[in-house]
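Here's a quick tour of one protein chain, written for someone who likes to know the cut-offs behind the words. Have a look at the model first, then read on.

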Amino acid sequence: MAADDPWRLDGNPFERERHTQILLLSLAQGRVANALEVGCAAGAFTERLAPICQRLTVIDVVEPAITRARLRVKEPPHISWIISDVQQFSSDELFDLIVVAEVLYYVGGLVQIGAAVRNLVGLLAPGGQLVFGSARDANCQRWGHAAGAETTIAMLNESLTEIECIECRGASINEDCLLARFQKPISAS
């Protein structure tokens, strides 16, 4: 069973609730024309996100994660799968929705997290939504990461408008995250 769910995303009530809340935030403006999911793990959230998207691009830096997710969702034709680092990923198209949850604290220090945030903001269409989720700073730092939710939310607020932020907590001290929805301003230029 652990081999089928190595990230414990299916069997954990906290993870299921977190995914439900992220999906609700993603649905705030209805169905999505073109979405990007950053970090698919084994596809637990991808499976829920795909039906609300006309087109979905899924990226993960870990090839086995892409393989597991593809098998799980049975490769519908509206999904593109790309092995890529979030800092290096580029696209000719802009996205109406970007979902990035429990990923950015893995990219390295504050400089790398900032670079990833700037890249994601650049990939977001004007008026588009970015849904972000992360364990809080204190947990991430205890786990050996540079930053978590509060620090990254502050970085995102430099370029995007925060629409809402919710807490998601489970039974364990490790099950404490913030989920936030941002919108990219529509500029006059």
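How much area does the protein chain expose, and what share of it do carbon and sulfur atoms supply? The exposed area comes to about 9,000 Å², with 53% of it supplied by carbon and sulfur atoms; accessible areas here come from the Shrake-Rupley method with a 1.4 Å probe, and for residues only the protein chains shown count as cover.

Before going further, some ground rules. This is a predicted model, where local features need pLDDT of at least 70 and side-chain atom pairs count only at pLDDT 80 or more, while totals for chains, interfaces and linings use all residues. Residues are numbered from 1 along each chain as its sequence is written, and side-chain values use heavy atoms, leaving out hydrogens and water.

**The chain as a whole**

The protein chain has six helices and seven strands (DSSP runs numbered from the N terminus: H or I of at least four residues for helices, E of at least two for strands). From the N terminus on, they go α-β-α-β-α-β-β-α-β-α-α-β-β. The radius of gyration is 15 Å, close to the 16 Å from the globule rule for 189 residues, so the chain is as compact as a globular protein of that length. That radius is taken over C-alpha atoms, and the rule is 2.2 Å times the number of residues to the power 0.38.

Of the 189 residues, 50% are buried, meaning under 20% relative accessible area (exposed is over 50%, partly exposed in between; 1.4 Å probe, protein chains only). Among contacts (heavy atoms within 4.5 Å) with a separation of 6 or more, 64% link residues 24 or more positions apart.

**Around strand β7**

Seven of the eight residues of β7 (residues 176-183) are buried, so the strand is largely enclosed by the rest of the structure. Two strands count as paired if DSSP finds at least two bridges between them, and β7 has these antiparallel partners:

| Partner of β7 | Bridges | Residue paired with glutamine 183 |
|---|---|---|
| β5 (residues 124-135) | seven | glutamine 129 |
| β6 (residues 161-169) | eight | threonine 161 |

β6 and β7 also form a hairpin, with six residues between them.

**A buried asparagine**

Over in strand β1 (residues 32-38) sits asparagine 34. Is asparagine 34 buried or exposed? It's buried, with a relative accessible area of 3%. Leaving out residues up to four places away in sequence, asparagine 34 touches Arg55, Glu93, Leu94, Phe95, Asp96 and Leu97.
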